[in-house]
Amino acid sequence: MIHADDGSLSQEQRLMRDSCRAFVDDAVTPFIRSNWQRDWDMSPGERLPRSILEGAETIGIRTLGVPEAYGGVDLERETEVRTFALISEEIARGDSGLADKLVQNWKVSILLREFAPKHLQDKWFPRLLADPQFLLAHCLTEPRGASDRWLPYNVPEAAMHTKAVLKDGHWVINGRKQFISNGFDASLYVVYANTDSSVGMLQGTSSSTRPASR
Amino acid sequence: MTKCNETMGCRFMNNGELVFEDCRLPVDHLLVQNTALGSAGQYFRAGKIIQAAKNLGVGVACFERTADYVQNYVQGGRILIKHQAVALRLADMATRIEAVRALIERASKAVDEGHPDMDVLCNMAKVYASEEIMKVATHALELHGGNGAMLEFGIEKLFRDAAIFLHMDATVDVSRMKIIKTMFPATAGKYAGPEN
């Protein structure tokens, strides 16, 4: 009871769940329990020791969603979401903030896998793989709209305020994104912006990659 | 990046703010033009499931810590779990966790299989997990008595972490609106406009 074990898990799922649980029991929970003050460290970059993400790397869960061709871990596609759920639960059992960090990497990796042109995948996947501290972020939320954007109807008034316009061979972006997970320390951002204010949000929003400016 | 937000929970993930002022990007940095939000459906659905699953992990941690505590901590001459009021709360925690797990399993299977109900189910899993695990965390806090309020005990951290899920990746109310708009597209999902 309590833990996931309905007898239907594949061998891959069982192995991943078990290695996540061992990582949490051996490394994450002991750190969280004996360093509770770190939760309140006001130097955000210092809160989580580098060894924790290195540990996630060691058990192979930091780069889920990155195609195997780039050295990542491709989960079985037909049960991919279920497997993500199992792993997310196990990591959050140790620390939900750590799970948030990793989850953004997986979700944005899937986006890049599905939509990024080859030259961007060639550029960013190797960097993500090379550095255990490399984080990805996904920028949707704005000061004047987040999940509530889906409540009005698909009309121009509900569009994002951040705008991107084509000018001299470049996209020029103006706007503000807030409450972005991994927003403080990501190395690469996927940014959503309005590119056609005459139509609804579903027809007039574009996404692009933006390297961190650090 | 303009600042790191200091949040009440999930504090080992650093949430930030970004400002773009005439930020120039080469045209080939584009992922999807104009239809990016529709294309990201795969991301959004998996995202709701993952959100619910992380939330469940917090609930499991609450249960494990509390089950251990009430079977070892002695109060009123006996271990806590032998006080029936305590035992009932622990049973309630376990029941809520199992219900959340069942919905997550159904919803994640639906998304994996591309079932027509997947949009409704993944939002249901997300919103249900957030409210149920908040109740689980509240039981954990209360069953720990004074220790539940102490930072060094770590239970209040689970409570703070659970609270974040009520609005992360959509608020409770917006999630419910999405569910009903998807279930009844011809009425709730139809542009209301003036009703005459």
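Colleague: How many residues of chain A are in contact with chain B, and how many of chain B with chain A?
Modeller: Happy to help, and keep in mind that this is a predicted model. Counting contacts by C-beta atoms within 7 Å, the tally is 80 residues of chain A against 68 residues of chain B.

Colleague: Which element gives the most to the side of chain A that touches chain B?
Modeller: Several elements supply at least two residues each, including helix H1 (11–34), helix H3 (80–94), helix H4 (96–115) and strand E3 (170–180) of chain A. With 12 residues, the top contributor is H4(A).

Colleague: How do the residues on that side of chain A divide by character?
Modeller: Good one to ask! The charged residues there number 21 and the polar ones 24. The nonpolar count is 35.

Colleague: Which residue of E2(B) stands opposite A:Ile173?
Modeller: Let's start with the strands. E3(A) pairs with strand E2 (residues 15–26) of chain B in the antiparallel sense, over 8 bridges. Within E2(B), the residue facing A:Ile173 is B:Cys23.

Colleague: Are H4(B) and H6(B) roughly parallel or antiparallel to each other?
Modeller: The axes of helix H4 (residues 118–143) and helix H6 (residues 172–183) of chain B come within 9 Å and cross at roughly 155°. Angles over 145 degrees count as roughly antiparallel. Therefore H4(B) and H6(B) are roughly antiparallel.

Colleague: What is the handedness of the crossing of H4(B) and H6(B)?
Modeller: Among the residues making this contact are B:Val127 of H4(B) and B:Ile179 of H6(B). The contact residues divide into 6 nonpolar, 4 polar and 5 charged. As for handedness, the crossing of H4(B) and H6(B) is left-handed.

Technical notes
Residues are numbered from 1 along each chain as its sequence is written. Chains are lettered from A and ligands numbered from 1 in the order in which they are written. This is a predicted model: local features need pLDDT of at least 70, side-chain atom pairs count only at pLDDT 80 or more; totals for chains, interfaces and linings use all residues. Axes are lines fitted to C-alpha atoms, for helices over the stretch in contact, and angles run from 0 to 180 degrees between N-to-C directions. Helices (H or I, at least four residues) and strands (E, at least two) are DSSP runs, numbered from the N terminus. Angles under 35 degrees count as roughly parallel, over 145 as roughly antiparallel, 65 to 115 as roughly perpendicular and the rest as oblique. A crossing is left-handed if the near helix is turned anticlockwise from the far one by less than a right angle, and right-handed if clockwise. Two residues are in contact if their C-beta atoms, placed from the backbone, lie within 7 Å. Ala, Val, Leu, Ile, Met, Phe, Trp, Tyr, Cys and Pro count as nonpolar, Asp, Glu, Lys and Arg as charged, and the others, Gly among them, as polar. Two strands pair if DSSP finds at least two bridges between them.
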